[in-house]
Amino acid sequence: MGDGSVTEGEVAEAFQMAVLKKLPIIYLIQDNDWGISATGKEMRVMDAYEYAAGFKGMERMRVDGKDFESSFLGMQKAIDYVRKERAPILVHAKCPLLGHHTSGVRKEWYRGDNLKAHAKDDPFPIFEKYLLGQGISSKALKDLKQKADKKVLSDFNKAMKSPDPELDDFDSHEFAPTPVTEEKGNRSPAKGEKVVMVDAALHAVDEILKNIPKLCSMDRMWEEDWVEYFAKRPH
Ligand SMILES: Cc1ncc(C[n+]2csc(CCOP(=O)(O)OP(=O)(O)O)c2C)c(N)n1
Ligand SMILES: [Mg+2]
């Protein structure tokens, strides 16, 4: 997530649940000190690493996001921690802003003179220098770059040549087709009690949950359990 997104309410809810249920999640924060066109100072009084300290049980770590070695080793530690402890961790990576917020919101519009300062922290030249220092030849790096450029160009050309998407196909694969296509059952069963709509929805969710015993007993379900559950679920 970006540093700006961490100031949003949904993230507080996610962090709270993650520590409460001890969920094995890595929150990787890319802190470029901008949220669209607002600076860090305009958005918040603390960064994500400091904020995470408020969530008891959230492990946290800082890495230098412009430095490959720091980021790579940091992520290795974070993955080990989550696998072993089955608990959440936040990794805060300080990064320069190199790209645009979106293709429609261009960095030149809001970054002004600051762009050059951020470009100095571009991780690519820093990594290149590091690799040269580790004894990798500049020829090997040049070859690698040429190979990557060639691959990107060929993929780009392939994409440009492919047909446009079909208009009536835009929502395919968005939702699984529902097996419920007609109303069944009795709306006015004998001795039935009238309930408000929200209660009816809660009863329905309750019935669904009753068929997932592990979830109902509030045990944590691991990824394999979910895969198993969805594989067996009647479609
Ligand atoms: C819940 C919610 N609140 C507000 C927004 C509006 N919004 C979109 S992007 C953004 C800031 C994102 O900042 P950051 O995550 O740092 O991304 P960056 O601009 O660095 O790419 C905001 C506030 C949103 N999309 N969702
Ligand atoms: Mg940002």
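**Figure 1. Asparagine 32 is a buried residue in a predicted model.** Asparagine 32 has a relative accessibility of 13%, so it counts as buried (buried means under 20% relative accessible area, exposed over 50% and partly exposed in between, using a 1.4 Å probe and protein chains only). Look for asparagine 32 in the loop between S1 and strand S2 (34–35); helices (H or I, at least four residues) and strands (E, at least two) are DSSP runs, numbered from the N terminus. Leaving aside residues up to four places away in sequence, asparagine 32 touches Asp3, Lys94, Cys95, Pro96, Leu97 and His118, where contact means heavy atoms within 4.5 Å. The side chain of asparagine 32 also reaches the backbone nitrogen of tryptophan 34 at 3.0 Å. This is a polar contact, a pair of N or O atoms within 3.5 Å; within protein, one must be able to donate a hydrogen and the other to accept it, and residues adjacent in sequence count only if both atoms are side-chain atoms. Tryptophan 34 is buried too, with a relative accessible area of 12%.

A note for all the views: residues are numbered from 1 along each chain as its sequence is written, while chains are lettered from A and ligands numbered from 1 in the order in which they are written. Because the model is predicted, local features need pLDDT of at least 70 and side-chain atom pairs count only at pLDDT 80 or more, whereas totals for chains, interfaces and linings use all residues; side-chain values use heavy atoms, with hydrogens and water left out.

**Figure 2. Three residues of the protein hold donors of the magnesium ion (ligand 2)**. Which atoms are they? They are Asp3 (OD), Asn32 (OD1) and Trp34 (O), and they lie 1.9 to 2.1 Å from the ion. Donors are N, O and S atoms within 2.8 Å of the metal (3.2 Å for Na, K and Ca); water is not among the atoms, so sites may look incomplete. Along the chain, the donors of the magnesium ion follow the spacing D-x28-N-x1-W.

**Figure 3. Ligand 1 has residues including Asp3, Asn32 and Trp34 around it**. The others in this view are Gly2, Gly4, Ser5, Glu8, Glu10, Gly35, Ile36 and His101; a residue is near a molecule or strand if one of its heavy atoms lies within 4 Å of it. Aspartate 3 places a polar side-chain atom 2.8 Å from an oxygen atom of ligand 1. For asparagine 32, a polar side-chain atom is likewise 2.8 Å from an oxygen atom of ligand 1. In the side chain of glutamate 8, an N or O atom is 3.4 Å from a nitrogen atom of the ligand.

**Figure 4. Three strands make an open, parallel sheet in the order S1-S5-S4**. At its edges are strand S1 (26–31) and strand S4 (59–64), each pairing on one side only. Neighbouring strands of this sheet are turned by 20 degrees against each other on average, direction ignored; axes are lines fitted to C-alpha atoms, for helices over the stretch in contact, and angles run from 0 to 180 degrees between N-to-C directions. Strands of a sheet pair through backbone hydrogen bonds, either parallel or antiparallel. Two strands count as paired if DSSP finds at least two bridges between them. S1 and strand S5 (residues 89–94) have six parallel bridges, and S4 and S5 also pair in the parallel sense over six. On the S1 side, aspartate 31 stands opposite lysine 94 and glutamine 30 opposite alanine 93. On the S4 side, arginine 60 has leucine 90 in S5 as its bridge partner. Five of the six residues of S5 are buried, so this strand is largely enclosed by the rest of the structure.

**Figure 5. Helix H4 (residues 68–85) packs on the sheet**. H4 touches S1, S4 and S5, and its direction makes about 165 degrees with that of S4. Follow the chain into the loop between H4 and S5 to find alanine 87. Is alanine 87 buried or exposed? At 3% relative accessibility, it counts as buried. Alanine 87 and lysine 22 are 65 residues apart in sequence, yet their C-alpha atoms are 4.7 Å apart in space.

**Figure 6. Helix H7 (residues 123–133) has aspartate 122 at its start**. A side-chain oxygen of aspartate 122 reaches to within 3.0 Å of the backbone nitrogen of phenylalanine 124. Just after H7, glycine 135 takes a positive phi of about 95 degrees.
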